[in-house]
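Biologist: Before I plan anything around this chain, could you take me slowly through the surroundings of one residue, and then set that part against a few other places and the chain as a whole?

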Amino acid sequence: ACNRAQHPRERCSASRPVVRLSTDAGNQAYRGQLIHLYLDIHFPEDVPAPALVDLDIPWLGREFGFRWRLPAEQWLCALSLPANNSLACRIFLPRSLADIVGLLPGPYIIYAPPAPDSTVKTWKLTWQLILDKPLFGNQVTFAPVSLKVPGTSLHCRSAPISVTVLDTPPVLSLRTAFVLPPGKYTVWSSCHPTVTFVGQPVRFQVCISGSGALEDIDADQLYRTIARELANPLLYGGETWLDPQTRCFRWQLDFKAAASWAVPPTQFLALNPHLERPNYQELTTAQLLVRVLPALTMPAIESNFGMPQLSLRKVASLNSSLDTFAISWPINLISWLLPPAVWCAFALVRWHLGRLLVWHRYDAPTRQMLNALKQQRRSQQLNAYVVWRLCQDYLRHRLNLSSALSAQQVASALQAVGLEASTLSRFVELLSILEQAAFAPDGNLRATHLEELRRLIISLDRQLAATDVRTKRLAP
C-alpha cells in the first residue's frame, strides 16, 4: 500500500513504487530455525529510480521473538558498501534506538543490491534471523516498513507479516545422538595422522555444514556426546569457521597402547523444515581407523669398564686448618659484607646512569611458564603443541579464566587490562603462529619464536604487575 503524503486517502496508481516484506519460511517455522527476511523495493518503468530513499524499519534493534544472526551494527556495516546498480537507502536511528543497537544516533546509509531474478527496477535487502519463543503467544510479527523518496510526495508502506513459531517435536529415537538446530546439514570427520606412535597426539575433527543456526551448537554438549562413545582421553582444541555455513570442532586424542584403534562414528539428528512433512533426519560420520605403533626408545647407555681406578688413602682428620677463631672470623666477616657492598655499588652505578635498581618478582604462573620454556629450549626438537598448551595454561591462571581462548579473545582480554599496543599486537600475532604450528601435521616450531615468546611473557608480566599496583593504589 502506498499513498501521497499530502493526501492520505487517495488511492495509489500503477505508476507508484511498491514495497513488499516476505520470508523464505512461509507462515510458520520452528524455534531455533534460521530464516531469511526479504524487503523488495520495486519502481515501475515509467518512474525514474531515485538516487536515495528513506526507510523506516520499526523492528530495527528490537528483538521480540527473534534475534539477528549478525548484530544490527554488523549488518549495517556489511550493507554500507555500495555495489553495482545498488539503491542507496537511508535509515535514521534516534537516541533511544541507538542505545539499544550500540551505535551513535543519526542517519546511516545502506545499499540494496538489485534483485538477481528480476529484469525490472527491483532491489532486495536480505537479513538472517534466528527465531525464538515470543514473549506473548506463538507469533512473531514484523511491522510494516515505510519508504519515502526525499523531495517528493511518494510515501509507500509494506504489509505486515507474521510467522507462527512452533516448538520442535520430540525426538523419537533410542540412539544416543546429538540434536542439531532445525535445518538441512551434512557432517563429516577426520583424523590426522592416521599412523602414529604411543604418546603422540592425534587431531580429531568434526565438521558440520548446512543452512541452520550453527551458532547455537553447544561445543560442551557435543564433546560429551563424542566422549561417551570413546575409550580414549579427549581434549578440546578449539574450533574453526571454514565459511558462514561450515563450523568445525577440533579435539586431541591420546592413545596409551600400541594397537589399531577405531574411532566410532558420531550420530546426529536434524529436523529438516524444508520437507513437505518435516521430520528428523539421521546423519552419521564415517568410522575412522588409527594405527598406533610402539613408542620409539633411545638405546641405553652402556657402562665403560675401562675407567681408571683411583687409589684410596686414609684421612687422618676432618678438621680444617681454618677452623680456629683467629683465622675464621675475618673470612666470615668478608663473606657477610661482600654481597651488600657489591649490591650497593651496582645500585649507585644505575642511579648515576638515571635508572633505579628494581628487583622484579615474577608471579607464580610466570615462573612456571619460564621454567617450562627453558626445558623446551633445551630439548632437541621443539613441540609446538606443548608450547601452545603452556601459553593457554599461563593465560588461564594469570588472567583467572576458565577455558582456553583464541587469539582474538586473548586480544580483547589483554586490551581491557590496558597493556601497551606494541606488546599486545606482537603477543597476539605470536599466539596465532603457535596455534597454527600446534595443529599442523609436523608440529615443529622455530627457536626464534620460543625466545621471542619468553621476552614477551616477561614484558607482559611486568605490565600486568604494574597494572595491579596502580589498581591497588586507586582502590578506596
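L234 and its surroundings

Modeller: Leaving aside its neighbours within four places in sequence, L234 is in contact (heavy atoms within 4.5 Å) with seven residues that can be listed in order as F204, Y223, I226, A227, W251, Q252 and L253. This is a predicted model, in which local features need pLDDT of at least 70 and side-chain atom pairs count only at pLDDT 80 or more, while totals for chains, interfaces and linings use all residues. Residues are numbered from 1 along each chain as its sequence is written, and side-chain values use heavy atoms, with hydrogens and water left out.

L234 sits in strand β18, which covers residues 234-243; strands (E, at least two residues) and helices (H or I, at least four) are DSSP runs, numbered from the N terminus. Because its relative accessibility is 10%, L234 counts as buried, where buried means under 20% relative accessible area, exposed over 50% and partly exposed in between, with a 1.4 Å probe and protein chains only. Computed along the sequence, L234 and D254 are 20 residues apart, yet from C-alpha to C-alpha the distance between L234 and D254 in space is 7.0 Å.

H274 offers a contrasting setting, for it is found in the loop that runs between β21 (267-272) and β22 (279-284), and with a relative accessible area of 52% H274 is exposed. Once its neighbours within four places in sequence are set aside, H274 is in contact with K184 and S211. The pair H274 and K184 is separated by 90 residues in sequence, while their C-alpha atoms lie 7.8 Å apart.

Two further loops deserve a careful look at the backbone. In the loop between β15 (185-192) and β16 (195-197), where P193 is placed, the peptide bond from H192 to P193 is cis, with omega near -5 degrees. N85, in the loop between α1 (72-78) and β7 (87-93), has a positive phi of about 60 degrees although it is not a glycine, and N85 counts as exposed because its relative accessibility is 65%.

Turning to the interior, the largest nonpolar core has 45 residues, of which L55, W59, W127 and F142 touch the most other members; such a core is a set of buried Ala, Val, Leu, Ile, Met, Phe, Trp, Tyr and Cys residues joined through side-chain atoms within 4.5 Å. The contacts of W59, again without neighbours within four places in sequence, are L21, L37, F66, W68, W127, F142, A143 and V145. A second core, separate from that one, consists of 33 residues, including A384, L395, L445 and L456.

Two helices also meet one another: from α5, the residues P365, T366, M369, A372, L373 and Q376 are in contact with V386, V387, L390, C391, Y394, H397 and R398 from α6.

For the chain as a whole, there are nine helices and 23 strands, and of its 476 residues 37% are buried, L234 being one that counts as buried. If one takes the contacts between residues at least 6 apart in sequence, 68% of them join residues at least 24 apart.
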